[in-house]
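Work through the exercises below with the sequence and the coordinates at hand, and attempt each task before reading the solution that follows it.

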Amino acid sequence: MGARYEYDRWGAYHFADRNGLGIDRTSATGTGYASLYTPEVSKIFEDKSQTQDEILLFFHYVEYGQLLKNGKTLIQTIYDQHFEGFERVESYLKSWQTLIGEIDEPTYNNVLERLNLQLENARNWRDQVNTYFYRMSGIPDEKGREIYQ
């Protein structure tokens, strides 16, 4: 098939465009999915300002420049989370390497191999996701970290 997944006939699962991403599931302007919850919960999910950052994009379309509750813009949160994910795996690998000689060699090497693979996967995920959203939004990382263009 010619089209890439995010542009196939079913549409992108995150509905990203050049301005933002997320799905409007409110009753007023979206799919109405938020109204399926109890009235107390629905009231929260219907209001972008009350919805937690972790589930905001599930219930609302959010512009890249919108400030989230974490004090960062949506786009900066995306970049930071993916850089931090890679750094976390790097720290796991460094911690594991301090155990050389403390653990039997086959187990040590097995875990080391898996952590190196996880590091490579985290690097690829960071670079692919950040590049996708950089190309989509045109907004650079405010920390100046390398994002492939």
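**Exercise 1.** In this predicted model, determine which residues aspartate 80 is in contact with, leaving aside its neighbours within four places in sequence, and state whether aspartate 80 counts as buried or exposed.

*Solution.* Begin by placing the residue: aspartate 80 belongs to helix 3. Once the neighbours within four places in sequence are set aside, the residues in contact with aspartate 80 are Lys72, Asp141, Lys143 and Arg145. Next, look at the side chains, where aspartate 80 makes a polar contact with the side chain of lysine 143 at 3.4 Å and another with the side chain of arginine 145 at 2.4 Å. For a distance between backbone positions, take glutamate 142, which is 62 residues away from aspartate 80 along the chain, while the C-alpha atoms of the two are separated by 9.8 Å. Finally, consider accessibility: buried means under 20% relative accessible area, and aspartate 80, at 1%, therefore counts as buried.

**Exercise 2.** Describe how helix 3 and helix 4 pack, giving the angle and how far apart their axes are, and say which hand their crossing has.

*Solution.* First identify the two elements, with helix 3 covering residues 74–97 and helix 4 covering residues 105–137. Their packing angle is about 165°, and their axes lie 9 Å apart. Angles over 145 degrees count as roughly antiparallel, so this description applies to helix 3 and helix 4 relative to each other. The crossing in which helix 3 passes helix 4 is left-handed. As for composition, the residues of this contact comprise 19 nonpolar, seven polar and three charged ones.

**Exercise 3.** Find which residues arginine 126 touches, not counting those up to four places away in sequence, and classify its accessibility.

*Solution.* Locate arginine 126 in helix 4. With residues up to four places away in sequence left out, arginine 126 touches His82, Phe83 and Phe86. Its relative accessibility is 12%, so arginine 126 counts as buried.

**Exercise 4.** Decide how the accessibility of isoleucine 55 is classed, and give the distance that separates its C-alpha atom from that of phenylalanine 45.

*Solution.* Isoleucine 55 is found in helix 2, which spans residues 53–59. The class between buried and exposed runs from 20% to 50%, and isoleucine 55, with a relative accessibility of 28%, therefore counts as partly exposed. Isoleucine 55 and phenylalanine 45 are 10 residues apart along the chain, and a distance of 9.0 Å separates their C-alpha atoms.

Notes. Residues numbered from 1 in each chain as written. Predicted model: local features only at pLDDT ≥ 70, side-chain atom pairs only at ≥ 80, totals over all residues. Heavy atoms only, no water. Axes fitted to C-alpha atoms, helices over the stretch in contact; angles between N-to-C directions. Helix = DSSP H or I, 4+ residues; strand = E, 2+ residues; numbered from the N terminus. Parallel < 35°, antiparallel > 145°, perpendicular 65-115°, else oblique. Left-handed = near helix turned anticlockwise from the far one by under 90°. Nonpolar A, V, L, I, M, F, W, Y, C, P; charged D, E, K, R; others polar. Buried < 20%, exposed > 50% of the residue type's maximum accessible area, 1.4 Å probe, protein only. Contact = heavy atoms within 4.5 Å. Polar contact = N/O pair within 3.5 Å; in protein donor to acceptor, adjacent residues only side chain to side chain.
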